[in-house]
Amino acid sequence: MIYCIVAIVFFLLFNGVININLGLSLIIFVFGLLPPLFIAFLGIREARRTNHSISNILEGARMISAGDLNYRISIRDAEIFPELSQTFNKMADTVRSMVQDLDIERIKVGALLETMEDGVMVISDGKEIVLANGAARMMLGLQEPFGILRDHDLQKLAMESVSKNERRENDIELLEGRRLVMALAVPLNSTNEGNVLMTLHDLTTIKRMDTTRREFVSNVSHELRNPIASMKALVETLENGAFRDTSMAEDYLKRIHGEVNRMSDLVSELLDLSRLESGQDKISFSSVDITKLITEVHSDMLPIAKNKGAMLSLELEKELPQCNAEVAKLRRVLLNLVDNSIRFVSQGGQIKISATRSSDHRLIVVSVTDNGTGISDADVPHLFERFYKVDRSRSDSGTGLGLAIARHIVEAHGGTIWVESQYGVGSTFSFTLIPSIS
């Protein structure tokens, strides 16, 4: 461009259009002023390009810092710093990959915590619940936001762990649900000063099983001690000469035989109950005519009821569907319920066996109703427990295992068993069965 201007000036000089002084002035102007102006123009242009590239890089940094990890700087927008933009984009890829990995790990840890049976909590300053998994929320009855740890014993354990900066553990009975838990408090590292990781291991089931085991041993010992003591006394009496009296010896032998039968029944029912509870005694399901079965039980128990002076009646809904059951086990449940009613009604008492479909026709409901002595409200919740007897003073009232066995059999059939009773008025024992035809 400069050369073009100089050529035009020389052309004008040679043709006399301008004088030599003006021509020299123009040449000096072109060579002295235009280059700096041109350089300044180029500098401004490059400054604008640089500023635009830097602005785009800064905008990228702001977008990523705001959480948009998918934002990338195009090479065209950062043409002055192509290597910087490429490095920036690679850094963004790395950050996104790390965040995604952290999210995956967080989801895994969260799923692991939520599926744990043990409660897990993070407690701040020994009292503020920061984090709690599902088991901990259930054990303590927590609702989000969690707030302050309300259990005094757990709060004390957490504060001791913080103050001594060491692991602390203790067995604590929670107020919520009367659960017994083993609580373990561990202080977190120095970056989380004042925070405690606490785990709660539920010991309630273990304690209940231990209590049940001890009660079971105690009950068996009690049930066996009486007949053994009775037989020992009878045998000693016979040894001391009573066997010479024929009538007395026969009576004593008859009583010994009765005690042996009691112990034999007890051992047999204990074995049956053990097999039912352990699942070893499987139910052989088949389609059973419940009407026929109840009619047979009624016929079997009718002479026994007459000997007691009681009336045993039958009330069955017409065309009852067949049910899924094992005949022998279902018969045992019915015989047990009817026998109990006969045993606890007075002479002239009324006993009724009934069966009907539920209102929605999804179940068959079988009931045994009597107008006997009835059961007190205090005894009702314990009737289906092992060895529980309403009248413990009666030595001939069975082993106390019949209703426990009946409950296990009914539940193994997918049904439920319950009792409705009023003391001095009578009782109704009922259980449900699943029809094989809806």
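Okay, let's start at a helix end: α10 is followed by glycine 414, and the phi of that glycine is positive, near 85°. Keep in mind throughout that this is a predicted model. The helix in front of that glycine, α10, is mostly covered, with eight of its eleven residues buried. Those buried ones are Gly402, Leu403, Ala404, Ile405, Ala406, His408, Ile409 and Val410.

Let me zoom out for a second. The protein chain has ten helices and twelve strands. Of its 438 residues, 34% are buried. The accessible surface comes to about 26800 Å², and carbon and sulfur atoms account for 56% of that. If you take contacts between residues at least 6 apart in sequence, 58% of them join residues at least 24 apart.

Now, the inside. Which residues touch the most other members of the largest nonpolar core? That would be Ile290, Val366 and Phe431, in a core of 46 residues. Take Val366 and skip anything up to four places away in sequence: valine 366 touches Ile290, Ile294, Leu334, Ser354, Ala355, Phe429, Ser430, Phe431 and Leu433. There's also a second, separate core of 21 residues, and Ile129, Leu140, Leu142 and Leu174 are among its members.

One of the names on the Val366 list is a serine, so let's visit that. Serine 354 sits in strand β9, residues 350-357. With a relative accessible area of 14%, serine 354 is buried, because the cut-off for that is under 20%. Leaving out its sequence neighbours up to four places away, serine 354 touches Glu315, Leu316, Val365, Val366 and Ser367.

Phe429 was on that list too, and that brings me to aromatics. How many aromatic pairs are there? The count comes to one. The partners are phenylalanine 384 and phenylalanine 429, with ring centres 6.3 Å apart and planes at 80°, so this pair is edge-to-face. Phenylalanine 384 is in the loop between β10 (364-370) and α10 (402-412), while phenylalanine 429 is in strand β12 (residues 426-433), so the pair ties together parts 45 residues apart in sequence. And both phenylalanine 384 and phenylalanine 429 are buried.

On to charges. The salt bridge count is 13. I'll show you a few. Arginine 255 bridges to aspartate 251, the closest N and O atoms being 3.5 Å apart. Why are these two about one helical turn apart? Because they are four residues apart in helix α7, residues 246-278. As background, an α-helix has 3.6 residues a turn, so residues three or four places apart point the same way. Arginine 255 is partly exposed at 43% relative accessibility, and aspartate 251 is partly exposed as well, at 36%.

Next one: buried or exposed, what are glutamate 326 and lysine 329? Their side chains meet in a salt bridge, 3.2 Å from N to O. Glutamate 326 counts as buried at 15% relative accessibility, and lysine 329 counts as buried at 11%.

Then there's arginine 167 with glutamate 169, also a salt bridge, at 3.2 Å, N to O. Here arginine 167 is exposed at 54% and glutamate 169 is partly exposed at 45%. Also on the charge theme, Glu160, Glu166 and Arg168 are linked in a network of salt bridges.

Let's talk backbone. Most residues other than glycine have a negative phi. Asparagine 165 has a positive phi, near 50°. Asparagine 165 is in the loop between α5 (152-164) and β3 (168-173), and is exposed, with a relative accessible area of 57%. Glutamate 319 also has a positive phi, near 55°. Where is glutamate 319? In the loop between β7 (311-316) and β8 (323-325), and exposed at 75% relative accessibility.

Last stop, nonpolar side chains facing out. Met91, Val95 and Val99 form a surface patch with about 200 Å² of accessible area together. Methionine 91 is in helix α3, residues 82-115, and is partly exposed at 42%. Leucine 131, in strand β2 (residues 128-132), is partly exposed too, at 41%. Leaving out residues up to four places away, leucine 131 touches Val120, Met121, Val122 and Phe146. The C-alpha atoms of leucine 131 and leucine 197 are separated by 9.3 Å, with their positions 66 residues apart along the chain. That's my tour, thanks!

Technical notes:
Residues numbered from 1 in each chain as written. Predicted model: local features only at pLDDT ≥ 70, side-chain atom pairs only at ≥ 80, totals over all residues. Heavy atoms only, no water. Patch = residues over 30% accessible without salt bridge, like charges linked within 9 Å, V, L, I, M, F, W, Y side chains within 5 Å. Areas by Shrake-Rupley, 256 points an atom, 1.4 Å probe, with all protein chains shown as cover. Salt bridge = Lys/Arg side-chain N within 4 Å of Asp/Glu carboxyl O. Buried < 20%, exposed > 50% of the residue type's maximum accessible area, 1.4 Å probe, protein only. Core = buried A, V, L, I, M, F, W, Y, C linked by side-chain atoms within 4.5 Å. Contact = heavy atoms within 4.5 Å. Phe/Tyr/Trp six-rings, centres within 6.5 Å; stacked < 30°, edge-to-face > 60°.
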